[in-house]
Amino acid sequence: MFERPDVGERAILVHIDFTAHDGTEDPGEFRELVMSAGVEPVGVVTGSRKQPSPRFFVGEGKLEEIRDAVTTSEADVVLFNHALSPRQERNIEHELKCRVLDRTGVILDIFAQRARTHEGKLQVELAQLEHMSTRLVRGWTHLERQKGGIGLRGPGETQLETDRRLLRERIKSIHKRLEKVRRQRRQGRRARQRADIPAVSLVGYTNAGKSTLFNRITTSSVYAADQLFATLDPTLRRLELPDIGPVVMADTVGFIRHLPHKLVEAFRATLEETTQATILLHIIDSHDSRRDENMEQVEEVLAEIGADEIPVLQVFNKIDLLEDFTPRIERNEDGVPVRVWVSAVTGEGLGGLYDAIVERLAEDVVHHFVLLGPADGKLRALLHEAGSVLTEEHRETGDTVLEVRLQNRDWLQLLSRAGVKEESVRLELGHA
């Protein structure tokens, strides 16, 4: 019922500019969306109006133009780069005698194709059902009558009412199963937090190169393609970083301009990985002409899911597409890395990205020269065991100077295990 139907391979695209509205959709991006859905655009109808028509969204003259385009190109479906009301969608279908989908329907179609995990499929189905629940009349108008016949006379229940009830029950069931997924994710996050493992989450506009960069960093094999919403399910990988130790990195679904609120709600379990991150890597397509607008859209979605307070490191990707551009790290007035320029395809700048991530995560790292006496053998052994000793110098007095670098929390834990109070540790302050 919820799989993508094997029709609609040829499509007429409709894009209308409204002078009375801000935030017009990008027709180029919509074409990419349609092609990502595996549909061939065979014609584009454009126009402009002050505001949408309540009945057909477009004027009757433009509707006639769309009908002619459908007939001429033998298109199977008409795709609107806008949000249509159920009534408008129904009226247009009745006039054109072919399937009509709005922007949300196209995005849902792509999601239905991309979902791979059980959780991803549940989330897609939930979004589809909630979108479909307002459009049921279209499919069941001919059945909207009381059940009749021998043994079936009486008030009964219309087919439409039955279908709505079944949808409500299915939506309720999916919500329960997704809540179970959320509980499992929360348990996994609590376990990581107890082990003090930082979480780095990749976010960004769709097709900014998140999965390609994720694969580079983690030497993973996540599906990556030059198309919108190539990644739908969250992927977690563990990697080791110098001074930091184990880190969990998460690749998440890409954001898009005017992402329908129901989709954000349906994917909340996935997006929770973002809200619980230690730091976000905001991956940005540096070559995109709408780069700044895309960045604003990502920030809006982050605010909507409650992740706008998490520290962010901006990663400007695809510098291989820019002329005479070399990778670099940009810092704020306090010297903290805030922006890194890289190419996930060629690997340029990845060394700087590693350094910037480590530096941002290592804001709580201590670097000490510790003076240990013969009686401090346990602390010395623990520091060596933790891999925190950079250099070791033995003195004629029998003392030893260890250069150590580690997270402050690990430093305090090692002191506690050795039975040493922090204030009693002798530090060699003269070393650089």
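Visitor: How much surface does the chain expose, and what percentage of it do carbon and sulfur atoms supply?
Guide: The model is predicted, and half of the matter lies inside: of the 432 residues of the chain, 50% count as buried. The chain exposes about 21,700 Å². The part of this area supplied by carbon and sulfur atoms is 48%.

Visitor: How many helices and strands are there in the chain, and what percentage of its contacts with a separation of 6 or more joins residues 24 or more positions apart?
Guide: The chain holds 14 helices and 15 strands. Among contacts with a separation of 6 or more, those between residues 24 or more positions apart account for 70%.

Visitor: Which element gives the largest share of the largest nonpolar core?
Guide: This core has 28 residues, of which Phe-30, Leu-33, Leu-79 and Leu-302 touch the most other members. Two or more residues each come from β1 (10-18), α1 (27-36), β3, α4 (103-114) and α11 (291-304). The largest share is five residues, and the element that gives it is α4.

Visitor: Which residues of α1 and β1 does Leu-79 touch, leaving aside residues up to four places away in sequence?
Guide: Leu-79 is one of the core residues that touch the most other members. Its contacts include Val-39, Leu-101 and Val-106. Strand β1 spans 10-18 and helix α1 spans 27-36. Within those ranges, the residues touched are Ala-11, Ile-12, Leu-13, Val-14, Phe-30 and Val-34.

Visitor: How many residues does the other core have?
Guide: Another core lies apart from the one to which α4 gives five residues. Among its members are Ile-217, Leu-241, Ile-279 and Val-340. Its number of residues is 27.

Visitor: Is β1 largely enclosed or open, and which residues stand opposite Ile-12 in β2 and β3?
Guide: Seven of the nine residues of β1 are buried, so this strand is largely enclosed by the rest of the structure. β1 pairs in the parallel sense with β2 (residues 40-49) over nine bridges, and with β3, also in the parallel sense, over four bridges. Opposite Ile-12 stands Gly-43 in β2, and in β3 stands Val-78.

Visitor: Why do the buried residues of α13 lie on the same side of the helix, and against which elements do they pack?
Guide: Leu-379, Leu-382 and Leu-383 are buried in helix α13 (residues 377-385). They cover an arc of only 100° around the axis, which puts them on the same side of α13. An α-helix has 3.6 residues a turn, so residues three or four places apart point the same way. The elements against which the buried residues pack are β12 (365-372), β13 (389-394), β14 (400-407) and α14 (408-418).

Visitor: Is Glu-74 buried or exposed, and is Lys-318 buried or exposed?
Guide: Both residues have a positive phi without being glycine: near 55° for Glu-74 and about 65° for Lys-318. Glu-74 is in the loop between α2 (60-73) and β3 (77-80), whereas Lys-318 is in the loop between β9 (312-317) and β10 (328-331). With a relative accessible area of 61%, Glu-74 is exposed. Lys-318, at 17% relative accessibility, is buried.

Visitor: Which residues form one aromatic cluster?
Guide: Phe-316 and Trp-341 are a stacked pair, 4.4 Å centre to centre with 25° between the planes. Phe-325 and Trp-341 are a tilted pair, 4.7 Å centre to centre with 40° between the planes. Trp-341 is buried, at a relative accessible area of 7%, while Phe-325 is partly exposed, at 22%. The residues of the one cluster are Phe-316, Phe-325 and Trp-341.

Visitor: What distance separates the C-alpha atoms of Val-338 and Leu-313?
Guide: Val-338 lies in strand β11 (residues 337-341) and is partly exposed, with a relative accessible area of 24%. Leu-313 is among the residues that Val-338 touches, together with Gln-314, Glu-330 and Arg-360. Although Val-338 and Leu-313 are 25 residues apart along the chain, their C-alpha atoms are separated by 5.1 Å.

Conventions: Residues numbered from 1 in each chain as written. Predicted model: local features only at pLDDT ≥ 70, side-chain atom pairs only at ≥ 80, totals over all residues. Heavy atoms only, no water. Buried < 20%, exposed > 50% of the residue type's maximum accessible area, 1.4 Å probe, protein only. Contact = heavy atoms within 4.5 Å. Arc of directions from axis to C-beta. Areas by Shrake-Rupley, 256 points an atom, 1.4 Å probe, with all protein chains shown as cover. Core = buried A, V, L, I, M, F, W, Y, C linked by side-chain atoms within 4.5 Å. Pairing = 2+ DSSP bridges. Phe/Tyr/Trp six-rings, centres within 6.5 Å; stacked < 30°, edge-to-face > 60°.
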